[in-house]
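Me: I'd like to take a close look at one part of this protein with you. Here is the model I have in mind.

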Amino acid sequence: MVIPFNIYSWFKNRYVQCGRWRLTCLVSLLLLLGGVMIVIEVSLVSSRYELVKVHPREEVVHTEEIANAKEGEEDETVKNEPNDSVSNQPLQHSTQKENFSYPLNVNISEAINQKSMYGKPIPYIPINLHIYEYLNRPPDCKFPNGNTKNILVFIKSPAMNIEQRIAVRAIWRQVAVPTVKRVFTLGRVTGPKWRIEQESRLYNDILQETFDDQLNDTLKIVMSYNWAVKYCPMADLLLFLNDNFYVEYNKIAAYLRFVMETKSRNVYIGKVVSYVPPYRDESKRLFFPFEWYLSDNVPSYVRGGAYAVSYDVAQRLSMAFPYVAHLNLDDVYVGIVANKLSIRHMNDDRFDPKNKNALVWECSDVAFELLKKNCPLSGKNRQKLIDYKEEVQFYSKYNQTSRYLYYGLNFSYPLHIDLLKYVSAAVSHNKPIPYEPINPHPFHFMNRPPNCKFPVDPNGNKNILIMVKSFVGNFKLRQAIRSVWRKIGDSHIKRVFTLGYPKVNQSLVELESKKFKDIIQEDFRDAYLNNTYKTIMSFNWAVKFCPAADMVFFMDDDYYVKERELAGYLRSLRRKKDLFLGRLVVHAPPYRSNEKWHLTYQQYPYNRFPPYLSGGAFVATFDVVRKFYFAFPYVKYMGLDDVYLGIVAKKLSIIPRNETYFDSANDFAIAKHCSNDPNQLLNEQCTLIGFVIPTSDEPLEDQQPNSVMEHVKRLLHTTLSGLTKFISSNPAS
């Protein structure tokens, strides 16, 4: 964002020009600033809602009154995959189970039935024309005459997965029956086309049209149904697969023929996913914009990786596609069309890769692994399902209507006791807490400095303990930090590094500790989710071995700190107790999908964290450190150390306070998230500033303000700070 003039200079000049009426002028300028912020906020909120405003689709509907399609009965199937995207959008949307509607909003089922039985034309104008031409297609498929059911298999494949298709063909050699035909479905590639054309001539099993191959799986599905109906009318059943699925074709063919013997028509079978909310997070691959889909649930559908339909169902779907608005998610789209046609799906765990008795396995995009039936995805997804079922059981005990508990006045986190009462008694009267600890710290020191001592200062300088959380292998970073802090030479500042135990190089840590005498190390493994152990170790050591400290500053080893400014700032703080300062994070949701920060509902059932201080740089007075020390054993462990401290602070009624000097985004910050490179850290080349961990399931109204508003707020904050410093530096003001 480009600012046409320097706002700070403008306000400064106006202030100087005010003469002896400077106080009145200052109040007026601040009111003007507030008005500017309100105008900008209102305009940005209005524009944000414009961005998600849905314009009605242009539809041509028959002039006669059309009755709504009969809603299919809801299957009694359980949601089989976690979907943490919670829709709290400001737009009004329909409740899917009660009045589901999707364009065209007409009774397409009746029109399709009339066309199938009597050849009557469909009295609506298509809204989803399939205008693409064939680039490659197999010859018309022919099956032998007989009583055996004919199966046509469509394998959806990215165009450049040539090796994957060769592997699938190799697996298919075990199927030597003429009643099963195989076709690969592809889109157009932007690169060289000769390889696919050569592949098509060689195998005669490539079905390809002129749409782009990327993110167009629905077009591949529509192409498949259209080709089957037009060129393969002898097929009794269509089986759809992804090319990374390993399939025991003989077994699944025998099973499908058994199904057809019991039910020869209206077959739509696979692993059913029932009434899940659409993904509203743009970072998701399966993102649903409101412009695409207004309902808060999608109808039950059969998962697209492996499913089957009878030929009569394929015919009806093919006829209906032009009259149902396109949706990029192919299995959801087919489910919507089937719902509009009142086609009932059948759930079958033999099509579920998570099931141990499945006939299909989600395998690998590596051809060699597929050939060897090395299917890590199925095992991984099976474990995710087990975890999800445990979560469902957990939250259902607390709330029958939500997948999580709402953070608010009733927030509670184990142990469910009046922790403030017992910690206060322990701090003031040394009374033991009458409960069994649920978070013991059973680790032992491997290295620790001698007890820290501060000299007596008649001027009353505050003693500052600096605890640097460091990964055990970051030898060079620690050396860089030592060289920076060595320049200060302040005897009232002590610095130590906190480490876990490494798998290798412990001898180097021993030498480092012996040389510098500033290493605190315990025998827990040094890993990201053990940072809370590292933090607890830091608090414990400070209380036991450094009781003369007045303040404790905690920082990560990839932070650049302006040492003298930090010392001056901490000593300038008038408050000597109950201080817990840093960059405040509020209304943050837990991460339900990201592996590094992932929390299950059993670990944390609420939709929001309490306010907490970002763990990279924060400060606490020693009395607060002592309260945490007594509380830790009675608060359930969580691997996210800064969030964990926020939870403990909440239980102790300690208020975390925001301090912009610890916000890396501010130009005047004295602690900045900087670099893992020692040279960059020494030279204040902070390449990590601005790095933000992405959140996946944050509702729209709770998202952080957009970049323009953030910029304006920071700009105004800088302006106010500059004016304050200018006024304080001019006594005549």
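Is Phe524 buried or exposed? Please start there, then take me through the surroundings of that ring and on to other contacts worth a look.

Reply: Happy to. One thing to keep in mind is that this is a predicted model.

Phe524 is buried, because its relative accessibility is 2%, and the cut-off for buried is under 20%. Across the whole structure, a search turns up 41 aromatic pairs. Phe524 and Tyr533 make a tilted pair, because their ring planes meet at 40° with the centres 5.8 Å apart. A second tilted pair is formed by Phe580 and Phe628, with 5.4 Å from centre to centre and 55° between the planes. Here the contact links distant parts of the chain: Phe580 belongs to strand E17 (residues 580-585) and Phe628 to helix H18 (residues 622-631), 48 residues apart. Phe580 and Phe628 are both buried.

These two pairs belong to a wider picture. Ring pairs join Phe524, Tyr533, Phe580 and Phe628 into a cluster with Phe443, Phe539, Phe554, Phe618, Phe632, Tyr637 and Tyr644. If you want to follow the cluster on screen, the strand E17 to helix H18 contact is a handy place to begin, with Phe580 on the strand and Phe628 on the helix.

Just before strand E17 in the chain there is a backbone detail to inspect. Asp578 sits in the loop between helix H17 (563-572) and E17, and its phi is near 55°, a positive value in a residue other than glycine. Asp578 is partly exposed, because its relative accessibility is 35%. Ser342 offers another example, with a positive phi of about 60° although it is not a glycine. Ser342 is found in the loop between helix H10 (330-340) and strand E9 (346-347), and with a relative accessible area of 35% it is partly exposed. For a further backbone feature, turn to Pro414 and Leu415, which are joined by a cis peptide bond with omega of about -10°. Leu415 lies in the loop between helix H12 (376-398) and helix H13 (419-429).

Aromatic rings also meet charged side chains. Arg169 lies over the face of Tyr203, at 3.8 Å from the ring centre, and Arg478 lies over the face of Phe475, at 5.1 Å from the ring centre. Arg169 has a further role in the contact map: salt bridges that share partners join Arg169 with Arg165, Arg182, Glu199 and Asp205 into one network.

That brings us to the charged pairs. A search of the whole structure finds 21 salt bridges. One of them is formed by Asp330 and Lys156, whose closest N and O atoms are 2.5 Å apart. This pair links distant parts of the chain, with Asp330 in helix H10 and Lys156 in strand E2 (residues 151-156), 174 residues apart. Both Asp330 and Lys156 are buried.

Another salt bridge brings together the side chains of Lys271 and Asp352, at 4.0 Å from N to O. Distant parts of the chain are linked here too: Lys271 is in strand E7 (residues 268-273), while Asp352 is in the loop between E9 and strand E10 (360-362), 81 residues apart. Lys271 counts as buried because its relative accessibility is 9%, and Asp352 counts as buried because its value is 4%.

Glu248 and Lys251 also form a salt bridge, with their closest N and O atoms 3.0 Å apart. Glu248 is buried, at 18% relative accessibility, whereas Lys251 is exposed, at 51%.

A polar contact is worth a stop as well. The side chain of Asn107 has a polar atom 3.3 Å from the backbone nitrogen of Glu110. Asn107 is in the loop between helix H3 (96-99) and helix H4 (108-118), and it counts as buried because its relative accessibility is 17%.

Finally, let's come out to the surface. Leu23, Val27 and Leu31 form a nonpolar patch there, with about 340 Å² of accessible area together. Val27 is in helix H2 (residues 22-51) and counts as partly exposed, because its relative accessibility is 45%. Set beside this patch, Phe524, where we began, is buried at 2% relative accessibility.

Key
Residues numbered from 1 in each chain as written. Predicted model: local features only at pLDDT ≥ 70, side-chain atom pairs only at ≥ 80, totals over all residues. Heavy atoms only, no water. Patch = residues over 30% accessible without salt bridge, like charges linked within 9 Å, V, L, I, M, F, W, Y side chains within 5 Å. Areas by Shrake-Rupley, 256 points an atom, 1.4 Å probe, with all protein chains shown as cover. Helix = DSSP H or I, 4+ residues; strand = E, 2+ residues; numbered from the N terminus. Buried < 20%, exposed > 50% of the residue type's maximum accessible area, 1.4 Å probe, protein only. Phe/Tyr/Trp six-rings, centres within 6.5 Å; stacked < 30°, edge-to-face > 60°. Lys NZ or Arg CZ within 6 Å of the ring centre and 35° of its normal. Polar contact = N/O pair within 3.5 Å; in protein donor to acceptor, adjacent residues only side chain to side chain.
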